[in-house]
Amino acid sequence: MQEFTKFPTKTGRRSLSRSISQSSTDSYSSAASYTDSSDDEVSPREKQQTNSKGSSNFCVKNIKQAEFGRREIEIAEQDMSALISLRKRAQGEKPLAGAKIVGCTHITAQTAVLIETLCALGAQCRWSACNIYSTQNEVAAALAEAGVAVFAWKGESEDDFWWCIDRCVNVEGWQANMILDDGGDLTHWVYKKYPNIFKKIRGIVEESVTGVHRLYQLSKAGKLCVPAMNVNDSVTKQKFDNLYCCRESILDGLKRTTDVMFGGKQVVVCGYGEVGKGCCAALKALGAIVYVTEIDPICALQACMDGFRVVKLSEVIRQVDVVITCTGNKNVVTREHLDRMKNSCIVCNMGHSNTEIDVTSLRTPELTWERVRSQVDHVIWPDGKRVVLLAEGRLLNLSCSTVPTFVLSITATTQALALIELYNAPEGRYKQDVYLLPKKMDEYVASLHLPSFDAHLTELTDDQAKYLGLNKNGPFKPNYYRY
């Protein structure tokens with residue numbers, strides 16, 4: 001029996017011209033969905049909504065969900081003690097007073113804690129979502145109720161996505177002086193539509209592999225006109241969010257959408273960076289047979305030493321049960337690969353961008369799309385073969401599940417410190433280039449999270465510090481050290 005025959009399918013075929021299914025507007029937050037189904041057919045752009053203060057400077061699915069969203073945020077705060085600690089320590093100083101931050105990130109309970117921390121530190125914020133499926137509608141409503149200008153809802157169309165970004169940037173009487181981006185779409189939009197805004201921008205903080213790659217391309221071409229902070233390659237982001245977070249959330253996303261059992265399954269993971277390492281470790285622990293594809297000989301050698309067989313995708317595509325992409329590249333899984341997959345093969349993406357799987361090639365008349373549950377499509381070939389596509393090739397864990405709050409606390413604290421650093425840096429400290437977070441800040445972020453584990457650091461004696469040539473208070477590693 002095929003694993004997925006137990007799921008009832010909707011009658012009729014899904015329209016190929018409709019890029020986003022109605023059911024994709026369901027929320028997958030830990031408190032389930034609070035979406036009013038009667039509102040599903042009405043676009044938030046067509047609604048007239050106001051919060052309790054009479055403000056309509058937002059666009060969310062349903063402002064009435066704010067109470068539920070507030071509970072979500074309060075739950076997240078319990079496991080984000082370091083960020084709350086930073087908020088309390090710096091709240092009196094208001095290090096972001098005068099900062100006007102325009103942000104484009106996933107809008108979840110955890111990022112809401114970050115946004116409200118930035119506001120508590122003196123900043124004015126306008127926010128949109130970096131992924132059309134990852135927004136928790138009730139959280140967006142809670143932010144809007146609190147007075148944050150947020151423009152996002154789960155299940156946006158591509159046009160909605162860019163409209164929301166534009167509403168954040170193009171505002172009469174308000175001009176951003178800081179950018180917090182996740183994926184580079186906001187930065188790209190400002191460069192494309194409103195380049196004059198960069199005259200007032202003090203810096204960009206970027207947290208994703210994809211966005212950082214775009215920034216380095218701009219820098220190399222001499223088109224980067226403001227300083228940018230590469231948060232993605234900070235140790236606290238790369239090692240904890242990319243590795244440990246994905247090690248847990250990959251399983252959560254796959255289980256919620258497919259209920260698949262991994263023991264004995266053959267899985268190919270495309271890419272063995274930090275995200276790929278986390279995915280492979282989790283799958284291996286559950287008894288899956290894991291293959292890895294890589295272009296980098298160093299990462300490939302690491303995969304071999306970790307016990308994984310490194311192959312070309314074309315060598316195993318006919319036999320694997322699950323294909324996971326996490327490269328940050330484009331067309332990693334092509335139509336040719338999809339045509340050769342076995343029946344009921346699961347295909348998903350753990351990279352930020354939706355370019356890794358060639359989903360566009362599947363929108364052809366000879367293939368039938370059936371939506372079986374939120375974020376799960378069966379793509380059916382003429383011979384009856386089905387491929388199970390998750391989140392239409394977009395980021396699996398944040399589109400189909402949630403991610404561990406504690407890990408996001410680490411990333412959010414890093415982002416907050418990067419914004420504070422760039423905003424308050426004296427003129428000339430940072431030029432028009434891409435910078436890494438100072439090592440001292442990385443260590444500070446880590447130290448803020450150690451009390452959660454009741455961890456006690458060993459202190460160097462004066463003699464030991466002199467022997468190693470270190471300051472007793474850090475930094476403890478040189479910038480070139482690889483953790």
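Is Gly276 buried or exposed? Gly276 is buried, with a relative accessible area of 0%. Keep in mind that this is a predicted model. Let's start with the whole chain, then work through the annotated sites, a pocket and a few packed spots.

**The chain as a whole**

- The chain has 16 helices and 15 strands.
- Its radius of gyration is 23 Å, close to the 23 Å that the globule rule gives for 483 residues, so the chain is as compact as a globular protein of that length.
- If you boxed up the C-alpha atoms along the principal axes, you'd need roughly 70 × 60 × 45 Å.
- Out of the 483 residues, 57% are buried.
- Take the contacts between residues at least 6 apart in sequence: 71% of them join residues at least 24 apart.

**One binding-site annotation: Thr108, Asp182 and others**

- An unreviewed UniProt entry puts the annotation "binding site" on Thr108, Asp182, Glu207, Lys237 and Asp241.
- You'll find Thr108 in the loop between strand 1 (100–105) and helix 3 (109–120).
- Thr108 has a relative accessible area of 3%, and the cut-off for buried is under 20%, so Thr108 counts as buried.
- Setting aside residues up to four places away in sequence, Thr108 touches Ser134, Gln136, Val139 and Leu398.
- Asp182 also comes from a loop, the one between strand 4 (178–181) and helix 6 (185–193).
- With 5% relative accessibility, Asp182 is buried too.
- Asp182 has a list of contacts beyond four places in sequence, and Glu207 is one of them. Remember that Glu207 is also named in the annotation.
- Other contacts of Asp182 include Cys104, Thr105, His106 and His352.

**Another binding-site annotation: Gly273, Gly276 and others**

- UniProt (unreviewed entry) also lists Gly273, Glu274, Val275, Gly276, Lys277, Gly278, Glu294 and Asn397 under "binding site".
- Gly273 sits in the loop between strand 7 (266–270) and helix 9 (274–285).
- Gly273 is partly exposed, at 26% relative accessibility.
- Gly276, our opening residue, is found in helix 9.
- Who does Gly276 touch, leaving aside neighbours within four places in sequence? The answer is Val269, Gly271 and Cys326.

**The annotated domain**

- The unreviewed UniProt entry places the feature "domain: S-adenosyl-L-homocysteine hydrolase NAD binding" at residues 242–403.
- Over residues 242–403, the chain is 33% helix and 23% strand.
- The C-alpha atoms at the two ends of that stretch are 11 Å apart.

**The second largest pocket**

- This pocket holds about 670 Å³ of space.
- It is lined by 21 residues, and those closest to its centre are Glu443, Ser447, Leu450, Leu457 and Phe476.
- Helix 8 (235–258) and helix 15 (439–449) each supply at least two lining residues.
- Which helix gives the most to the lining? That's helix 15, with seven residues.
- Sorted by class, the lining has nine nonpolar, four polar and eight charged residues.

**Packing around helix 2 and Thr413**

- Helix 2 (residues 81–90) has several buried residues: Ala82, Leu83, Ile84, Leu86, Arg87 and Ala90.
- What covers these buried residues includes helix 1 (66–78), helix 3, helix 14 (405–424) and helix 15.
- Thr413 gives you a close-up of this area, and its place is in helix 14.
- Thr413 is buried, with a relative accessible area of 0%.
- Beyond four places in sequence, Thr413 touches Ala82, Leu83 and Leu86, along with Val445, Leu448 and His449.
- Ala82, Leu83 and Leu86 are among the buried residues of helix 2.

**A look at Thr135**

- Thr135 is found in the loop between strand 2 (124–129) and helix 4 (137–145).
- At 1% relative accessibility, Thr135 counts as buried.
- Thr135 and Lys154 are 19 residues apart in sequence, yet their C-alpha atoms are 4.9 Å apart in space.
- Lys154 is one of the contacts of Thr135, leaving aside neighbours within four places in sequence.
- The others are Ile107, Ala129, Ala140, Ala152 and Trp153.

Technical notes. Residues numbered from 1 in each chain as written. Predicted model: local features only at pLDDT ≥ 70, side-chain atom pairs only at ≥ 80, totals over all residues. Heavy atoms only, no water. UniProt positions renumbered as here; feature names shortened; annotations may be inferred. Helix = DSSP H or I, 4+ residues; strand = E, 2+ residues; numbered from the N terminus. Buried < 20%, exposed > 50% of the residue type's maximum accessible area, 1.4 Å probe, protein only. Contact = heavy atoms within 4.5 Å. 1 Å grid on protein atoms, 1.4 Å probe; cavity = no way out; pocket = protein on both sides within 12 Å on 5 of 7 lines; lining within 4 Å. Points joined across faces, edges and corners; volume = space filled by probe spheres on them. Nonpolar A, V, L, I, M, F, W, Y, C, P; charged D, E, K, R; others polar. Rg over C-alpha atoms; globule rule 2.2 N^0.38 Å.
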